[in-house]
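Student: I have a chain open in the viewer and want to know what stands behind the terms used for it. Can we go through them one at a time?

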Amino acid sequence: FIGYSLPEADFELKQVLKSASLRMQHRRTKVKKEIDVIVLEDLGTQEKYSRFFGADNIRCFQGGIPDFLTRSAK
């Protein structure tokens with residue numbers, strides 16, 4: 001997700017994401033799924049994504065795309 005703060009009021013998108021996640025449960029593998037969240041200095045966004053998807057699945061880059069490119073290349 002790039003630049004999307006997952007606002008509390010966006011029930012429609014949350015429903016779509018949760019439905020897709022539940023529908024695909026039968027395809028779960030031992031490979032860890034990661035969700036990259038790229039925002040620019042939005043400290044509350046990481047907490048929202050962690051609550052929604054689980055803290056173990058989230059990598060949050062608070063410095064925008066430059067931060068993502070620098071840290072993910074390592």
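Student: Which residue follows helix 2, and what is the sign of its phi?

Tutor: Glycine 54 follows helix 2, and its phi is positive, near 100 degrees. Keep in mind that this is a predicted model, in which local features need pLDDT of at least 70, side-chain atom pairs count only at pLDDT 80 or more, and totals for chains, interfaces and linings use all residues. Residues are numbered from 1 along each chain as its sequence is written, and side-chain values use heavy atoms, with hydrogens and water left out.

Student: What makes a stretch a helix or a strand here?

Tutor: Both are DSSP runs, numbered from the N terminus: H or I over at least four residues for a helix, E over at least two for a strand. The chain has 3 helices and 2 strands, in the order α-β-α-β-α from the N terminus on. Helix 2 covers residues 43–53, glutamine 46 among them.

Student: Why is glutamine 46 called partly exposed?

Tutor: Its relative accessible area is 35%. Buried means under 20%, exposed over 50%, and partly exposed in between, with a 1.4 Å probe and protein chains only. Glutamine 46 is therefore partly exposed. By contrast, Thr45, Tyr49, Ser50 and Phe52 are the buried residues of helix 2.

Student: Which residues does glutamine 46 touch, leaving out those up to four places away in sequence?

Tutor: Cys60 and Gln62. Contact means heavy atoms within 4.5 Å.

Student: What makes a set of residues a nonpolar core?

Tutor: The members are buried Ala, Val, Leu, Ile, Met, Phe, Trp, Tyr and Cys residues, joined through side-chain atoms within 4.5 Å. The largest such core here has 9 residues: Leu6, Leu17, Ile35, Val37, Val39, Tyr49, Phe52, Ile58 and Cys60. Strand 1, helix 2 and strand 2 each give two or more residues to this core. In soluble globular proteins, nonpolar side chains tend to be buried together.

Student: How do you know that strand 1 and strand 2 pair?

Tutor: Two strands pair if DSSP finds at least two bridges between them. Strand 1 and strand 2 have 4 bridges, in the parallel sense, so the criterion is met. As one example, aspartate 36 has arginine 59 in strand 2 as its bridge partner.

Student: Why is the β-α-β unit of strand 1, helix 2 and strand 2 called right-handed?

Tutor: A crossover is right-handed if, with the strands pointing away from the viewer, the path from the first strand over the helix to the second runs clockwise. The unit of strand 1, helix 2 and strand 2 is right-handed, which means that its path runs clockwise in that view.
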